[in-house]
Amino acid sequence: MKRISLTRYLIEEQRDNNSIPAELRLLIEVVARACKTISHSVSKGALGDVLGAAGSENVQGEIQKKLDIISNEILLEANEWGGHLAAMASEEMENFHPIPNRYPKGEYMLLFDPLDGSSNIDVNVSIGTIFSVLKAPEGMKEPCEKDFLQPGSKQVAAGYAVYGPQTVLVLTTGNGVHAFTLDREMGSWVMTQRDMKIPADTAEYAINASNARHWYPPVRRYISELEAGKTGPRGKNFNMRWIASMVADVHRILNRGGIFMYPADEREPDKPGKLRLLYEANPMSLLVEQAGGAATNGEMRILDIQPTKLHERVAVFLGSKNEVELVTRYHAAQG
Ligand code: P6P
């Protein structure tokens, strides 16, 4: 595969497929540059006084790490002056962030989890940045929360950067999923995978098994069949992985297949799971579907869900199509 830069890929996509307007290309380049800066901060670790708690909580009631706040600030500062955005929203901020009046406004809205997998930061396990791009509604004057409440099928771009042994940016603008590895010497993102595809079948699943006693029957049934292995109803053995960084688990699935699950459970019946719809489940679901996989909340396609709140949570089953469809059928069978 010809190794081209992210910039060249975006320009060729814009020219050849007319699928990336100039403003969207600028947006993606700015986000990619911000992810480079975040990667630099993350990789300092203890040498950079960036580890540990920040001494505050976010809107989710989660302890914020210093790097959560640093990453959030990096994305806000990188994106607010360019003129390509009307507003931003972040897991780390209760309210959305309008573009200050001193800057021009654009037609896109950027949503992000600035640093996903925070519990792994201090123990040097892969973490990442997840982002989602929506178009501002036609004729929008002053943005408000409801302008963000669009189904995931309306995303014009989505991606993540995973900060692991390599720093890799994975992106879709609706024309396949492509990966770009950060060349630290040159400071550029270089395409290392084009048109990633998730195998329809898999022998690997990802779930936090410590919650098993709280799962609803369809999930209990599905997981117990995987655990039964070769002598059970599935007739084959399965392996399990759980990194507790959605970005890292999804990156593995995009590379070798698998199913990732974060179901709702009996602990809080009115809480539909832990993961957030707008800036975690939606971008990851678009990437997974663009790579030939599937993503549901157990009942319906995640990208079809009409959001009602900015920080709304959703149950997530995503990855290898045949496995996602099977566990979704078990939910339907339960009725
Ligand atoms: P648990 C990280 O906090 C996160 O939002 C996802 O990245 C990850 O998949 C999940 O939560 C891990 O949750 O309950 O296993 O710690």
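Strand β13, residues 259-262, is covered on both faces: Ile259 and Met261 are buried on one side, and Phe260 and Tyr262 are buried on the other. This split follows a general pattern, because side chains in a regular strand alternate between the two faces of the sheet. The model described here is predicted.

Strand β13 has two partners to follow. Strand β11 (residues 204-206) runs parallel to β13 and is joined to β13 by 2 bridges. Within that pairing, Ala206 has Phe260 of β13 as its bridge partner. Strand β15 (residues 316-319) runs antiparallel to β13, and 4 bridges join the two. Here Ile259 is matched with Gly319 in β15. Both arrangements are ordinary options, since strands of a sheet pair through backbone hydrogen bonds, either parallel or antiparallel.

These strands belong to an open sheet of 5 strands with mixed pairing, in the order β12-β11-β13-β15-β14. The edges are taken by β12 (239-240) and β14 (294-296), and each has a single partner strand, so one side of each is left without a neighbour in the sheet. For β14, the pairing with β15 is antiparallel and comprises 3 bridges. Thr296 stands opposite Phe317 in β15.

The ligand brings the reader back to β13. It is surrounded by 13 residues, and the closest are Asp116, Asn208, Trp242, Met246 and Tyr262. Of these, Tyr262 also appears among the buried residues of β13. Three of the contacts can be followed atom by atom. Tyr262 places a polar side-chain atom 2.6 Å from an oxygen atom of the ligand. For Asp116, a polar side-chain atom lies 2.7 Å from an oxygen atom of the ligand. In the case of Asn208, an N or O atom of the side chain is 2.9 Å from an oxygen atom of the ligand. The ligand taken alone exposes 390 Å², of which the protein buries 84%.

A second set of strands is centred on β8, residues 167-172. In this strand 6 of 6 residues are buried. Thr167, Leu169 and Leu171 are buried on one side, while Val168, Val170 and Thr172 are buried on the other, so that both faces are covered. On one flank, β7 and β8 run antiparallel and are joined by 6 bridges. The two form a hairpin with 3 residues between them, and Tyr163 stands opposite Thr167 in β8. The pairing of β8 with strand β9 (residues 178-183) is also in the antiparallel sense, over 4 bridges. In that pairing, Leu171 has His178 of β9 as its bridge partner. β8 and β9 likewise form a hairpin, with 5 residues between them, and Gly174 in the turn has a positive phi of about 95°.

Ahead of β7 in the chain is a loop, between β6 (127-135) and β7 (157-163), that contains Gln150. Is Gln150 buried or exposed? Its relative accessibility is 14%, and it therefore counts as buried, the cut-off being under 20%. The side chain of Gln150 reaches the backbone oxygen of Asp147 at 2.9 Å.

Among the helices, α2 (residues 22-44) allows a simple check of geometry. At 1.5 Å a residue, its 23 residues should span 33 Å, and the end C-alpha atoms are 34 Å apart, which agrees. Just after α2, Gly45 takes a positive phi of about 55°. Cys35, in the residue range of α2, is buried, with a relative accessible area of 0%. Cys144, by contrast, is partly exposed, at a relative accessible area of 28%. The structure holds 0 disulfides; such a bond would be a covalent link between the sulfur atoms of two cysteines.

Helix α3 (residues 66-79) contains Ser71. With a relative accessible area of 1%, Ser71 is buried. Ser71 and Arg184 are 113 residues apart in sequence, and their C-alpha atoms are 19 Å apart in space.

Key. Residues are numbered from 1 along each chain as its sequence is written. This is a predicted model: local features need pLDDT of at least 70, side-chain atom pairs count only at pLDDT 80 or more; totals for chains, interfaces and linings use all residues. Side-chain values use heavy atoms; hydrogens and water are left out. Buried means under 20% relative accessible area, exposed over 50%, partly exposed in between (1.4 Å probe, protein chains only). Two strands pair if DSSP finds at least two bridges between them. The expected span of a helix is 1.5 Å times one less than its number of residues. A residue is near a molecule or strand if one of its heavy atoms lies within 4 Å of it. A polar contact is a pair of N or O atoms within 3.5 Å; within protein, one must be able to donate a hydrogen and the other to accept it, and residues adjacent in sequence count only if both atoms are side-chain atoms. Accessible areas come from the Shrake-Rupley method with a 1.4 Å probe; for residues, only the protein chains shown count as cover. A disulfide is a pair of cysteine sulfur atoms within 2.5 Å.
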